[in-house]
Amino acid sequence: MKTISQHSETSMCGDIATLSLLLLLLLGLSDVLVVATNVDLITSCSKSRPSCLLYNITDSYEDPLKVSSFTALAGLQELVIRNSALRRIPKDLLEHAPHLKRLLMHNCGLNILTSRDFDSSQGLKVLNLQQNSIFTLTENVFRALRQTLEELYLRHNAIRILHYRAFAGLQKLKYLDANHNGINSLTAGMFDELINLEYMDLSYNQIEMIGSGTFGKNLKLSSIILSNNKFRVFEPNSFSHLPHLKLLDLSNTNLEDLHLQTVDFLQLSESGLKSCHLAGGVVRLMAANNSLKGLDITDKLSVQEIQMQGNLLESLDDFQGMLNLQKLDVSHNRLTRLKSSVEKFFYMELPNLEQLNMAWNHLRNLSNQDFLIMTKLSTLDLGNNHLFELAIESLEPLKSLHYLHIEGNHLMEFDVVNLKKSHALLQEISLGNNDWDEAYQQNISAKLQEQQIKALKERSSGATLNASLSKEVVLQIPLSSQYGEMQRLVGVSGIHPYWTLKDILALATLIIVLIILLLQFWNILQEEQCCRRSANRNAGDAEPLVHNNSAF
């Protein structure tokens with residue numbers, strides 16, 4: 001028994017020693033996994049290629065990034081680093097790339113930029129630091145790039161503090177993207193030195209005010225995206241001095257009253273607008289889901305497309321005279337008639353209108369003159385109104401009609417026999433959910449089929465018109481060819497910037513060792529239990545012999 005106990009204790013001590021040694025090895029391995037990487041550029045970058053892609057590399061303040069084979073950087077023009085843990089700009093690497101033009105650090109955990117980070121990269125034209133953890137831009141932080149930088153990408157960071165001279169001296173900058181940050185204010189004069197700036201994206205921030213002098217010196221601005229901010233103050237004519245303004249996006253903000261000059265593409269959807277005044281003109285206006293009862297545009301001849309679905313319109317008087325209007329969506333409003341309410345106008349003068357969506361309004365009847373000056377109309381949506389009758393004569397001027405939607409009304413009958421005669425180009429009509437019975441519906445569908453017109457019984461309201469609109473009104477962001485190539489190289493990754501490949505290996509090793517420890521502990525418990533059973537069995541066998549001897 002004493003021998004068994006001693007063996008068990010010896011075995012347990014040996015196991016504990018083994019586990020301790022294993023744990024020490026693990027700790028040592030972990031230390032190896034988190035030290036800075038020595039990047040071998042011969043295998044990572046080719047001398048013959050002007051670009052280089054690095055990923056899963058690690059740096060720290062205690063162990064700076066080490067770079068070998070500097071000759072591989074001699075002709076490097078583009079450097080892409082992604083999915084790494086580099087909390088600062090790798091200056092040692094940049095110092096040996098004298099001809100670098102484009103630098104992209106995507107998803108690398110950068111949190112601080114200093115004014116000396118780019119001293120050795122004074123030839124940079126494109127700097128992309130998106131999806132990092134930068135929280136502030138200090139004074140003159142890009143001072144070394146004043147003579148060359150043309151594109152700066154800071155999207156998806158945590159920037160909350162912008163020094164009013166953060167962009168000082170960047171006179172060649174054309175493209176600035178800082179969307180998805182926490183910027184809440186724009187100090188007066190912050191952008192004054194960006195005299196060549198053409199494109200600015202500050203969407204998805206917390207900006208509360210745009211003053212008349214915010215972009216006072218940026219006379220070349222053509223695209224401004226300020227959507228998804230929290231404007232409380234938007235001074236009238238803030239952009240009146242911009243002669244080249246093509247795109248302005250103010251959607252998803254808190255604007256109630258807007259005064260602007262001329263802009264080609266104006267996006268105002270879901271901004272809480274109650275009034276909109278354009279002293280000049282607009283080519284495309286997207287103002288869906290607001291509280292607009294009207295629209296004040298001085299230059300009506302400039303308008304080609306308007307989307308105002310989901311507002312409070314009760315008449316189309318403000319659209320009278322838009323002779324070049326081609327697409328109009330006023331669905332989900334409060335319209336009761338199509339013609340103008342002004343006595344001197346008996347019909348709407350929209351000679352170039354091609355698509356008209358008036359679904360989900362309160363239309364009750366249509367006269368023979370409503371479509372008199374809409375001879376180019378090809379798509380007409382009158383679905384889900386309160387029409388009790390629709391005479392073929394009222395649609396007769398629409399010689400170019402291809403698609404007609406009249407479902408969801410209160411029609412008792414509809415003359416489809418002569419429909420094809422007056423509308424030779426008609427291809428599709430939706431007429432379900434009216435007040436006729438199923439038999440009449442089937443009869444109409446059969447007659448339409450004979451005329452080779454597609455009959456739809458059910459359809460999503462405005463689907464045809466909205467689909468055609470959305471294809472042509474997609475926001476085209478003017479990305480440069482260089483940035484497009486960098487995006488292609490980077491791709492999309494869900495790896496957190498602080499989790500590199502070594503971190504993952506270290507975690508996997510920890511899990512494996514933990515499993516081994518649990519198994520060893522289980523074996524020790526099993527051996528201890530086995531020894532106890534053996535000792536109890538031996539004691540039980542010896543006890544009766546003692547009693548028998550006492551009997552003699």
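## A buried glutamate and its partner

Glutamate 305 counts as buried because its relative accessibility is 3%. On this scale, buried means under 20% relative accessible area, exposed over 50%, and partly exposed in between, judged with a 1.4 Å probe and protein chains only. What you see is a predicted model, so local features need pLDDT of at least 70 and side-chain atom pairs pLDDT 80 or more, while totals for chains, interfaces and linings use all residues. Residues are numbered from 1 along each chain as its sequence is written, and side-chain values use heavy atoms, without hydrogens or water.

Which residue does the side chain of glutamate 305 meet in a salt bridge? The partner is arginine 284, at 3.5 Å from N to O. A salt bridge here is a side-chain nitrogen of Lys or Arg within 4 Å of a carboxyl oxygen of Asp or Glu. Glutamate 305 sits in strand β21 (residues 305-307) and arginine 284 in strand β19 (residues 282-286), so their contact ties together parts that are 21 residues apart in sequence. Helices (H or I, at least four residues) and strands (E, at least two) are DSSP runs, numbered from the N terminus. Unlike the buried glutamate 305, arginine 284 is partly exposed, with a relative accessible area of 25%.

## A network around arginine 165

Altogether, the structure holds six salt bridges. Side chains of opposite charge can pair when their charged atoms come close. A good place to look next is a network of salt bridges that links Glu139, Arg165 and Glu193.

Take glutamate 139 to begin with: its side chain meets that of arginine 165 in a salt bridge, at 4.0 Å from N to O. This pair links distant parts of the chain, 26 residues apart. Glutamate 139 is in the loop between β7 (136-137) and β8 (151-153), and arginine 165 is in the loop between β9 (161-162) and β10 (175-177). What about exposure? Glutamate 139 is partly exposed, with a relative accessible area of 40%, and arginine 165 is partly exposed too, at 26%.

Now turn to glutamate 193, whose salt bridge with arginine 165 has its closest N and O atoms 3.2 Å apart. Glutamate 193 lies in the loop between β10 and β11 (199-201), with arginine 165 in the loop between β9 and β10, so this pair ties together parts that are 28 residues apart in sequence. Glutamate 193 also counts as partly exposed, because its relative accessibility is 27%.

## Two residues of strand β5

Strand β5 covers residues 102-106, and methionine 105 is found there. Is methionine 105 buried or exposed? It is buried, with a relative accessible area of 0%. From methionine 105 to serine 84 there are 21 residues in sequence, yet the C-alpha to C-alpha distance is 8.8 Å.

Leucine 103 has its place in strand β5 as well. Leucine 103 is buried, again with a relative accessible area of 0%. Its C-alpha atom is separated by 8.2 Å from that of isoleucine 81, and these two residues are 22 residues apart along the chain.

## A nonpolar patch on the surface

For a change of scene, move to helix α9 (residues 501-551), where leucine 519 has its place. Leucine 519 is exposed, since its relative accessible area is 51%. Together with Leu507, Leu510, Ile511 and Ile515, Leu519 forms a nonpolar patch on the surface, and the five share about 440 Å² of accessible area. Patches take residues with over 30% relative accessible area and no salt bridge, joining like charges within 9 Å and nonpolar side chains (Val, Leu, Ile, Met, Phe, Trp, Tyr) within 5 Å. Areas come from the Shrake-Rupley method with a 1.4 Å probe, and for residues only the protein chains shown count as cover.

## Positive phi angles in two loops

Which value does phi take in tyrosine 204? It is positive, about 55°, although tyrosine 204 is not a glycine. Tyrosine 204 belongs to the loop between β11 and β12 (209-210), and it is partly exposed, with a relative accessible area of 40%.

Asparagine 384 offers another example: its phi is near 55°, a positive value in a residue other than glycine. To find asparagine 384, look in the loop between β24 (379-381) and α4 (392-395).
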